[in-house]
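Visitor: Could you take me through one part of this model closely, beginning with the backbone, and then set that part in the context of the whole chain?

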Amino acid sequence: MSEAVRYDDFVEENDENIIQVKNLKKYYPISGGMFSQVKGYVKAVDDVSFDIKRGTTMGLVGESGCGKTTIGKTILRLTDKTSGSVKFDGIEIHDLNRRDLRALRPRIQIIFQDPYSSLSPRMPVGEIIGEAVREKKLVPEAEFDEYITRIMKDCGLQEYHKDRYPHEFSGGQRQRICIARALALNPEFIVCDEPVSALDVSIQAQIINLLKDLQEKYDLTYLFISHDLSVVEHISDTVGVMYLGNLVEYADKESIFRNPLHPYTQALFSAIPVPDPDFKAERIILEGSIPSPANPPSGCKFHTRCRYAMDICSREVPLMQEMEEGHKVACHLYNKE
Ligand code: SF4
């Protein structure tokens, strides 16, 4: 077992890391009373650090409300941070002025869960995909049509789809349109926020395979947010597990699926169905519901639901420790003393 590392030491300064998130916090004030005083904060993201290597996928998992989506939006600066650092390709995203942020935007994109609500119903698909390309003058006008056709084909759409409207497509095809719209801007990093959760299982696999193919072809980097561990296992290179605004475990995919260390990760992973009728996995049932991030438990936030909770757990916040190369966990069970 190696030395415990503090969050400050957690992120490696490394050119390979296209995304570097360090001690990121995002708190939302809770106001009340006659003068709308701030009475407290919802700690949606509470001191989170990780990095993502260029050309890889980091899966981010956890129950609803654990802060996954807020992390994605804060990385893209769709919402402001409270404190901490988010670097994209070495650039401190939250320090950019409006003009520089606009210039950077095409390089960092997002794909949402519900493709229908993120597509304008009154625009034909060709215009939806090409609107920002034209606005940002990413390709010469003479090459525009050919460029949009190529992007659509790469995403499994046909040229004649250009003149059709979003309501004429199935859910899976609409997600392909959203992916094409993001891809047309020639991004390097894409936050995929539950991109297949609203789709039928058979269509999910097609979209995941499309994302993998595009990653290889365009050297894309993904942050893949999902509550579906089977999907995360299929697409990710590394996996982070979140609980109530904290990253509690982080490792490469093989290591975390083979040997989940944090009791919360163990409970989550015990619910993954195994395609073997003779295999009897122990299902760990989590007692109680996830506490409010406005009033989280002291010490380890998971102690109210943890079957291994000890005295120290309600008193002290566990530090992130590296247990084997690249496999980090925040839990007092692994304290050296
Ligand atoms: Fe459970 Fe304690 Fe570890 Fe938290 S620190 S996960 S309460 S054993």
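Guide: The loop between α3 (125–135) and α4 (144–154) is the place of K137, a residue that is not a glycine and yet has a positive phi of about 50°. The model is a predicted one, and the angle is to be read as a feature of that prediction. Most residues other than glycine have a negative phi. As for its surroundings, K137 counts as exposed, because its relative accessibility is 70%, where the cut-off for exposed is over 50%.

Positive phi values also occur elsewhere in the chain. D47, again a residue other than glycine, has a phi near 70°, and it is found in strand β2, which covers residues 37–53. R77 takes a positive phi of about 55° just after α1. Helix α1 itself, residues 68–75, is mostly covered, with 6 of its 8 residues buried; these are K68, T70, I71, G72, T74 and I75, so a lysine is included among the buried positions of this helix.

C66 likewise counts as buried, because its relative accessibility is 0%. The closest cysteine sulfur to that of C66 belongs to C300 and lies 14 Å away, which is too far for a bond; a disulfide would need the two sulfur atoms within 2.5 Å. The structure as a whole holds 0 disulfides.

C300 leads on to the ligand, since it is one of the residues that surround it, together with H262, P263, F302, H303, C306, Y308, C313, C331, H332 and L333. By class, this shell has 8 nonpolar and 3 polar residues, and no charged ones, with cysteine counted as nonpolar in that division. The space that the ligand takes is the largest cavity. Within the shell, C306 counts as buried because its relative accessibility is 18%, a value to be set against the cut-off of under 20%.

For the wider setting, the protein chain has 10 helices and 12 strands. Its radius of gyration is 21 Å, close to the 20 Å that the globule rule gives for 337 residues, so the chain is as compact as a globular protein of that length. The C-alpha trace spans about 70 × 60 × 45 Å along its principal axes, and 51% of the 337 residues count as buried.

Conventions. Residues are numbered from 1 along each chain as its sequence is written. This is a predicted model: local features need pLDDT of at least 70, side-chain atom pairs count only at pLDDT 80 or more; totals for chains, interfaces and linings use all residues. Side-chain values use heavy atoms; hydrogens and water are left out. A residue is near a molecule or strand if one of its heavy atoms lies within 4 Å of it. On a 1 Å grid over the protein atoms alone, a cavity is a set of points where a 1.4 Å probe fits but cannot get out, and a pocket is an open set with protein on both sides within 12 Å along at least five of seven lines; lining residues have an atom within 4 Å of a point. A molecule sits in a cavity or pocket if more than half of its atoms lie within 2 Å of its grid points. Buried means under 20% relative accessible area, exposed over 50%, partly exposed in between (1.4 Å probe, protein chains only). Helices (H or I, at least four residues) and strands (E, at least two) are DSSP runs, numbered from the N terminus. The radius of gyration is taken over C-alpha atoms; the globule rule is 2.2 Å times the number of residues to the power 0.38.
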